[in-house]
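The following exercises are meant to be worked with the sequence and the model side by side. Each task is followed by a solution that proceeds step by step.

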Amino acid sequence: MAIRYRTGVDQRSGRPLSGWAHCVQSIGVILTTSVGECVMALDFGAKLVSHLGNNLVPPIVLAIYTDATDAVHREEPEFRIVRLQLVKADRTGSLHLGMWGDYYPEGRLGNYDLVEPRDGYFVLKAGEAGGARIGAS
């Protein structure tokens, strides 16, 4: 039986997008959307924007990890985080997150038998939409 990959449209180019690339775009949208920003889905998104520009003391870093993990696990049925790392933070308030986990191509259908290890790199920027760069392991 063929794998039923989720398909959609690339938000930057408008070209068709499917599989892992679509999942990464979805995670990027989740992480860069503030809770309460989507009018018809007020609980969609993450609380990460509120942490941008703060000193990275242990309680703030823990809150970043918790907020990112909670948001991705709540909103993205095709990915489960196994490891999350704050890779870089710069003076402009940008946070660079490395994410490693399990990708379930048919997770949205409730099928968790198919699993692939994957990784992603996400950039959260203050005052503008963040970006995401995909990777695969």
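**Exercise 1.** Determine whether Glu106 is buried or exposed, and find the residue with which Glu106 forms a salt bridge.

*Solution.* Glu106 counts as buried because its relative accessibility is 2%, where buried means under 20% relative accessible area, exposed over 50% and partly exposed in between, with a 1.4 Å probe and protein chains only. The model is a predicted one, in which local features need pLDDT of at least 70 and side-chain atom pairs count only at pLDDT 80 or more, while totals for chains, interfaces and linings use all residues. Residues are numbered from 1 along each chain as its sequence is written, and side-chain values use heavy atoms, with hydrogens and water left out.

Next, look for the partner: Glu106 forms a salt bridge (a side-chain nitrogen of Lys or Arg within 4 Å of a carboxyl oxygen of Asp or Glu) with Arg4, and the closest N and O atoms are 3.2 Å apart. Glu106 lies in the loop between β4 and β5 and Arg4 in the segment before β1 (7–9), so this pair ties together parts that are 102 residues apart in sequence; helices (H or I, at least four residues) and strands (E, at least two) are DSSP runs, numbered from the N terminus. Arg4, with a relative accessible area of 44%, is partly exposed.

**Exercise 2.** Which residues are joined into one network by salt bridges that share partners?

*Solution.* Begin with Glu76 and Arg6, whose side chains meet in a salt bridge at 2.9 Å, N to O. This pair links the loop between α2 and β3, where Glu76 lies, to the segment before β1, where Arg6 lies, 70 residues apart. Both Glu76 and Arg6 are buried.

Then take Glu78 and Arg108, whose side chains meet at 2.8 Å, N to O. Glu78 is in the loop between α2 and β3 and Arg108 in the loop between β4 and β5, 30 residues apart. Glu78 counts as buried at 0% relative accessibility, whereas Arg108 counts as partly exposed at 31%. Salt bridges with shared partners thus join Arg6, Glu76, Glu78 and Arg108 into one network.

**Exercise 3.** Establish where the buried residues of α2 lie around the helix axis.

*Solution.* First list them: Ile60, Val61, Ile64, Asp67, Ala68, Ala71 and Val72. They cover an arc of only 130° around the axis, which puts them on the same side of α2; the arc is that of the directions from the helix axis to the C-beta atoms. On the other side of α2, Pro58, Pro59 and Leu62 are exposed.
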